[in-house]
Amino acid sequence: MDFNQTENQILITQTIRDFAEKHIKPYMMEWDETQHFPVETLRALGELGLMGIVIPEEYGGSGFGYFEYITALTELGKVDGSLTLSVAAHNSLCTNHIFKFGNEAQRRKWIPKLASGEWIGSWGLTEPNTGSDAGRMQCVARQDGDDWIINGTKNFITHGISSNVTVVIARTGELLDSRGMTAFVVERGTQGFSGGKKENKLGMRCSETAEMIFDNCRIPKENVLGNVGDGFVQALKILDGGRISIAALSLGIATGAYEAAVQYSKEREQFGKSISTFQAIAFKLAEMHTKIEAAKLLTYQAADMYMRGENINKESAYAKYYASEVAVYASTEAVQIFGGYGYIKDFPVEKHYRDSKLCTIGEGTSEVQKLVISRAILK
Ligand SMILES: Cc1cc2nc3c(=O)[nH]c(=O)nc-3n(C[C@H](O)[C@H](O)[C@H](O)COP(=O)(O)OP(=O)(O)OC[C@H]3O[C@@H](n4cnc5c(N)ncnc54)[C@H](O)[C@@H]3O)c2cc1C
């Protein structure tokens, strides 16, 4: 693995820094306070090529690899985790699912709009009663002539109300049959498909999280992704890649909190000297930095293997599990280093602290990652 940043990675870093300075930082606390989902900002990120980062140029994407993708998410995550979560869900889950498992006609129909950011995507696996145990889903799809009719509710869906198109996994076979689920594309405006309750969250507040309701939603068979019965297996593969993006988002949050804490510790004086001269604070920073570097290595390892087409089931779980726990750890320590100022909203670490917790939950909890890892090492 080559750890030197490519020219593209350097360019992406600078582009995101400039964009964040002008278009994110001045507004993000207001978005956070009001839970405003800034679709217009996502579209602007699309103009920069961030809404189809790993999609080939012939489908309207940027044609980059996973290292560039990680760089983009990490850089954005240093500033605003919740916008980054939206970018990750759009790219890794919705767009990537259609790109990976769609046929040529499906790719041509949906990918260019998603990759440009003109359309926002969502991906529905989770249901009110089935999260970690997604295989027991109750949302059903039954065939009716050349159509499929979907009934059920998905919840906690990123962009569940505002997405223009969604990939939804529904039961088409027997309960507990891993080949009994199928992935469908459903466009907004399709009769019987609506957004439901929008969640009021602890963090990641500008990333819309909402229900998706399917009430006799009829879609043509052309909207089936891959084979009938392959949906769950496809979803697990999509999550393997998605977990790298949550690891990158976690790295961003951890690094943002760490960098803010370093700067503050040098500026803040108590007992006549800067608090960074106290070993208790300096050691916290040393520990944070070491863990961030370790998380980075695991994330890059998973990305490197993914790019080479290897099975990354275990490696993406390592990266997601470790980096997300580091994001929580580093942002918690950053709040501590800021003292009372860490607890108020005038400084960035309070938001990192709230945003970080989602990383240990979404796209498979830390416990589920350990399940994946332990199964792999004990087989
Ligand atoms: C902000 C946000 C955005 C999201 N976006 C999406 C999205 O776009 N699309 C989507 O499909 N989903 C999305 N989700 C859902 C997310 O993936 C689930 O919340 C997550 O998978 C956990 O499921 P659950 O909430 O039902 O928890 P549960 O599965 O009910 O878990 C509860 C607790 O039990 C533990 N647990 C469960 N099973 C086991 C086990 N076998 N062994 C040990 N411990 C276990 C869990 O680790 C957890 O601590 C989102 C969630 C949030 C909060």
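**Group meeting: a helix salt bridge and a ligand site**

Hi everyone, let me start in helix α6, residues 104-116, where R108 and E104 sit four residues apart, so about one helical turn separates them. Those two form a salt bridge, and their closest N and O atoms are 2.9 Å apart. Searching the whole structure turns up 26 salt bridges. Please keep in mind that this is a predicted model.

Now to the ligand. Where does the ligand lie relative to domain 2 and domain 3? Domain 2 covers 122-229 and domain 3 covers 233-378, and both give residues to the shell, so the ligand lies between them.

Who is in that shell? There are 18 residues around the ligand, and the ones that come nearest are T126, S132, F156, T365 and E367. In terms of secondary structure, at least two shell residues each come from β1 (121-124), β3 (147-158) and α11 (366-378). The largest share belongs to β3, with three residues. For those of you thinking about chemistry, the shell splits into seven nonpolar, eight polar and three charged residues.

Let's go through some polar contacts, as you may want the distances. S132 has a side-chain N or O atom 2.6 Å from an oxygen atom of the ligand. With L125 the partner is a polar backbone atom, 2.8 Å from a ligand oxygen. F156 also uses its backbone: an N or O atom there lies 2.8 Å from a nitrogen atom of the ligand. And how much of the ligand does the protein bury? Taken alone, the ligand exposes 970 Å², and the protein buries 65% of that.

One last stop, on the surface. M1, F3 and L297 make a nonpolar patch there of about 320 Å². If you are looking for F3 in the viewer, you'll find it in the segment before α1, the helix at 7-24.

That's my tour, thanks for listening, and I'm happy to take questions!

Definitions and conventions. Residues numbered from 1 in each chain as written. Predicted model: local features only at pLDDT ≥ 70, side-chain atom pairs only at ≥ 80, totals over all residues. Heavy atoms only, no water. Near = heavy atom within 4 Å. Polar contact = N/O pair within 3.5 Å; in protein donor to acceptor, adjacent residues only side chain to side chain. Areas by Shrake-Rupley, 256 points an atom, 1.4 Å probe, with all protein chains shown as cover. Nonpolar A, V, L, I, M, F, W, Y, C, P; charged D, E, K, R; others polar. Domains from an automatic or database assignment. Patch = residues over 30% accessible without salt bridge, like charges linked within 9 Å, V, L, I, M, F, W, Y side chains within 5 Å. Salt bridge = Lys/Arg side-chain N within 4 Å of Asp/Glu carboxyl O.
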